[in-house]
Amino acid sequence: MQRFALCGVMAYNVIQQAVWGLGMEDEVLDVDAVAEWLDIGVNLVRKLAFEGKIPARKVGREWRFSKRALLAWLESWQASHGGRWTEE
């Protein structure tokens with residue numbers, strides 16, 4: 001078994017590719033960043049992720065979000081809901 005010593009940035013990129021299956025240009029966000037970006041509360045972000053209503057991955061005890069996946073989700077959500085945000 002081969003072991004690799006990776007610096008922080010390189011390790012982050014390798015993990016990002018393994019977890020998300022995406023290229024290095026895709027940004028991975030945490031709950032706080034998504035809440036700020038969508039202008040909603042962190043508890044609502046966690047609830048939506050837990051219920052599978054927004055694209056997310058659980059990494060340990062924390063939720064992580066692909067910005068690219070969130071953008072695609074927002075586009076499809078806006079198309080199907082007429083751009084209106086409602087909690088169901």
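Is Lys53 buried, partly exposed or exposed? Select Lys53 and switch on the surface. Lys53 counts as partly exposed, at 37% relative accessibility. Keep in mind throughout that this is a predicted model.

**Stop 1: the Lys53 salt bridge**

Stay on Lys53 and add Glu51. Their side chains meet in a salt bridge, 3.3 Å from N to O. Glu51 is partly exposed too, with a relative accessibility of 39%. This pair belongs to a set of 2 salt bridges in the structure. The other one comes later in the tour.

**Stop 2: the whole fold**

Zoom out and colour by secondary structure. The protein has 4 helices and 3 strands. Trace the chain from its start, and the order of elements reads α-β-α-α-β-β-α. Now colour by accessibility. Of the 88 residues, 26% count as buried.

**Stop 3: the sheet**

Hide the helices and show the strands. You are looking at an open sheet of 3 strands, ordered 1-3-2, with antiparallel pairing. Strand 1 and strand 2 (57-59) stand at the edges with a single partner strand each, so one side of each has no neighbour in the sheet. Turn on backbone hydrogen bonds here. Strands of a sheet pair through such bonds, in either a parallel or an antiparallel sense.

Take the pairing of strand 2 with strand 3 first. The two run antiparallel and are joined over 3 bridges. Select Arg57, and you will find Arg64 of strand 3 opposite. Then select Val59, whose bridge partner in strand 3 is Glu62.

Follow the chain from strand 2 into strand 3. The hairpin they form has 2 residues between the strands. Click on Gly60 in this hairpin: its phi is positive, near 65 degrees.

Move across to strand 1. This strand pairs with strand 3 in the antiparallel sense, over 2 bridges. Select Leu29 to see one of the contacts: its bridge partner in strand 3 is Phe65.

**Stop 4: Phe65**

Centre on Phe65, in strand 3. How much of Phe65 is accessible? Its relative accessible area is 0%, so Phe65 is buried. Now draw a distance from the C-alpha of Phe65 to the C-alpha of Asp30. The two atoms are 6.3 Å apart in space, although the residues are 35 apart in sequence.

**Stop 5: Lys67 and its surroundings**

Select Lys67 and Glu27. Here is a salt bridge between their side chains, at 3.9 Å from N to O. Which parts of the chain does the pair tie together? Glu27 sits in the loop between helix 1 (8-20) and strand 1 (28-29), and Lys67 in helix 4 (residues 67-81), so the bridge links parts that are 40 residues apart in sequence. Glu27 is partly exposed, at a relative accessible area of 43%. Lys67 is likewise classed as partly exposed, at 25% relative accessibility.

Step back to Asp26. Asp26 also lies in the loop between helix 1 and strand 1. Is Asp26 buried or exposed? With 5% relative accessibility, Asp26 counts as buried. Draw another distance, from the C-alpha of Asp26 to that of Lys67. The separation is 6.7 Å, for residues 41 apart along the chain.

**Stop 6: the negative patch**

Bring the surface back and colour by charge. Select Asp30, Asp32, Glu36, Asp39 and Glu62. These residues gather in a patch of negative charge on the surface.

Pick two members for a closer look. Glu62 is in strand 3 (residues 62-66). This is the residue you met as the bridge partner of Val59. Glu62 is partly exposed, at 43% relative accessibility.

Next, click on Asp39. Asp39 lies in the loop between helix 2 (31-38) and helix 3 (42-50). Asp39 is exposed, with a relative accessible area of 69%. What is the phi of Asp39? The angle is near 60 degrees, a positive value in a residue other than glycine. Most residues other than glycine have a negative phi.

**Last view**

Show the two salt bridges together with the patch. One bridge joins Lys53 and Glu51, and the other joins Glu27 and Lys67. Leave Asp39 selected, as one of the residues in the negative patch.

Key. Residues are numbered from 1 along each chain as its sequence is written. This is a predicted model: local features need pLDDT of at least 70, side-chain atom pairs count only at pLDDT 80 or more; totals for chains, interfaces and linings use all residues. Side-chain values use heavy atoms; hydrogens and water are left out. Patches are made of residues with over 30% relative accessible area and no salt bridge: like charges are joined within 9 Å, nonpolar side chains (Val, Leu, Ile, Met, Phe, Trp, Tyr) within 5 Å. Accessible areas come from the Shrake-Rupley method with a 1.4 Å probe; for residues, only the protein chains shown count as cover. A salt bridge is a side-chain nitrogen of Lys or Arg within 4 Å of a carboxyl oxygen of Asp or Glu. Lys and Arg count as positive and Asp and Glu as negative; His and the chain ends are not counted. The place of a charge is taken as NZ of Lys, CZ of Arg, CG of Asp or CD of Glu. Buried means under 20% relative accessible area, exposed over 50%, partly exposed in between (1.4 Å probe, protein chains only). Two strands pair if DSSP finds at least two bridges between them.
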